[in-house]
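Trainee: I have a model open in front of me and would like to learn how to read it. Could we go through some features together?
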Amino acid sequence: MPVTETGRATIYFDPELHRPLRRKTVETSRFVPGRVNKDAGEALAGDAENIAAFGKRRAESLIRYNEMVKRLKDDLTRVYEKNDSNVTTPSLQYDEMIHIGKDFSSREVVEAYDARHRRFRDIEGENEAIIAGVGLQKNHIIADFGSGTGTFVIQAAQKCEKVYAVDISPAMLEYTEWKARNLGLANIVCCHGGFLTYVHSDRPLDAVSTSMALHHLPDFWKQKALTRLQEMLKPNGKFFLADVVFTEENYESSIQAWINKLASEMGKEMAEDISRHIRCEHSTFSWIMEGLLQRAGFRIDLAEYTDGVLARYFCTKAA
Ligand SMILES: C[S@@+](CC[C@H](N)C(=O)[O-])C[C@H]1O[C@@H](n2cnc3c(N)ncnc32)[C@H](O)[C@@H]1O
């Protein structure tokens, strides 16, 4: 593209994108602007299609919002019925596709989540601990449920054969795919599904992980989910779970102390997120979580509780 036709902008990249981007520019002899133009062009092609579709459908009659939500839900149920003959009766199955608490269905929310969690969590450190704890090896195939913005799957994919990233949010999965593409990682398989609907059809998994996601299900459905995950693992396969879990002693003051701490470190919005979590999501007690894990057929090798509100479990599929 001739220089006279270009516009100009300054872009600050995340370090985890900048390093491989620089490497790629050297490998492909293509300057950074060339690559960014190409990738941005591809990403925006979808917007151009949407705008064109908007113009074509301008004459169509409007429908009410409730009717639109109902049609979308019906479509979703149909897709799952069609793709997956193993899904249990939709009329009895908990609908895990509906976001409870925070709604992760837009790119803005996804990017804000990624940036905010990097500020108060040592995400790389957390991931390294999981990778070491499950004994990840080069020939392993693993799955991460509620994979979110893909930070764990991206780190793990560099150390094993294949990683399945499973999430109910298409926006989260698109963001993960975009990051993986930019890093040149071709061994991440993004799957739109969840604890209750994902069907594993590859060889049994060497390890399964899930961080800050199981609390989206009520306890009855957590049991069902954990049993399904256990069945996807090979004999002696490893399972890692991290989530908001309350220890019984002084749980009300522990929750309040947690909200106060995050409010002072991260501001009001974060405190509101945590308050909404407590009000609307399904975090449970440690004695319930340990019971659910054992009943699902896991041996708990390590249970670790922090500040009465956070838990990590390293488990093995019991023989
Ligand atoms: C709080 S985020 C955690 C993301 C990431 N694991 C982390 O540690 O930052 C929760 C994620 O779980 C996903 N999720 C919610 N319900 C789910 C379900 N039933 N099955 C799988 N993923 C689910 C959400 O879309 C979201 O991406």
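Mentor: Happily! Let's start with A213, which sits in the loop between β4 and α8. Keep in mind that this is a predicted model.

Trainee: Is A213 buried or exposed, and why?

Mentor: The general idea is to count neighbours: a residue is called buried if 20 or more other C-beta atoms lie within 10 Å of its own. A213 has 22 other C-beta atoms within 10 Å, so A213 is buried.

Trainee: Which residues is A213 in contact with, leaving aside its neighbours within four places in sequence?

Mentor: Those are F145 and G146. Sequence distance and spatial distance can be read side by side here: A213 and D243 are 30 residues apart in sequence, and their C-alpha atoms are 6.9 Å apart in space.

Trainee: G146 caught my eye. Which residues are closest to the ligand?

Mentor: G146 is one of them, along with E96, G148, G194 and H216. In total, 19 residues surround the ligand. Sorted by class, that shell holds 9 nonpolar, 8 polar and 2 charged residues.

Trainee: Back to the loop. What should I look for in backbone angles?

Mentor: Look at the sign of phi. Most residues other than glycine have a negative phi. M212, which lies in the loop between β4 and α8, has a positive phi, near 55°. N236 also has a positive value, near 65°, but its place is in strand β5.

Trainee: How many C-beta neighbours does N236 have inside 10 Å, and is it buried or exposed?

Mentor: N236 has 11 such neighbours, so it counts as exposed. M212 is partly exposed because it has 17 other C-beta atoms within 10 Å.

Trainee: Is strand β5 mostly covered or mostly open?

Mentor: Mostly covered. Strand β5 runs over residues 233-246, and 10 of its 14 residues are buried. For the chain, buried residues make up 25% of the 319 residues.

Trainee: In which sense do β4 and β5 pair?

Mentor: For a strand pair, read the direction and then the bridges. Strand β4, residues 205-211, pairs with β5 in the parallel sense over 6 bridges. To find the pair on screen, look for L205, which stands opposite L233 in β5.

Trainee: And how do I read two helices that pack together?

Mentor: Take the angle, the spacing, the handedness and then the residues. Helix α8 (residues 219-232) and helix α11 (residues 286-295) pack at about 35°, and their axes are 9 Å apart. Their crossing is right-handed. From α8, D219, K222, Q223 and L226 meet I288, L292, L293 and R295 of α11. The residues of this contact divide into 4 nonpolar, 1 polar and 3 charged.

Trainee: L293 is in that list. Which residues does C315 touch, not counting those up to four places away in sequence?

Mentor: L293 is among them, together with F239, F298, R299, I300 and D301. C315 is found in strand β8, residues 310-317. With 27 other C-beta atoms within 10 Å, C315 is buried. C315 and K238 are 77 residues apart in sequence, yet 5.8 Å apart in space, C-alpha to C-alpha.

Trainee: What share of contacts in the chain between residues at least 6 apart in sequence joins residues at least 24 apart?

Mentor: That share is 67%. To place these features on the overall layout, remember that the secondary structure comes to 11 helices and 8 strands.

Terms used:
Residues numbered from 1 in each chain as written. Predicted model: local features only at pLDDT ≥ 70, side-chain atom pairs only at ≥ 80, totals over all residues. Helix = DSSP H or I, 4+ residues; strand = E, 2+ residues; numbered from the N terminus. Buried ≥ 20, exposed ≤ 12 C-beta atoms within 10 Å, placed from the backbone. Contact = placed C-beta atoms within 7 Å. Near = placed C-beta within 6 Å. Nonpolar A, V, L, I, M, F, W, Y, C, P; charged D, E, K, R; others polar. Axes fitted to C-alpha atoms, helices over the stretch in contact; angles between N-to-C directions. Left-handed = near helix turned anticlockwise from the far one by under 90°. Pairing = 2+ DSSP bridges.
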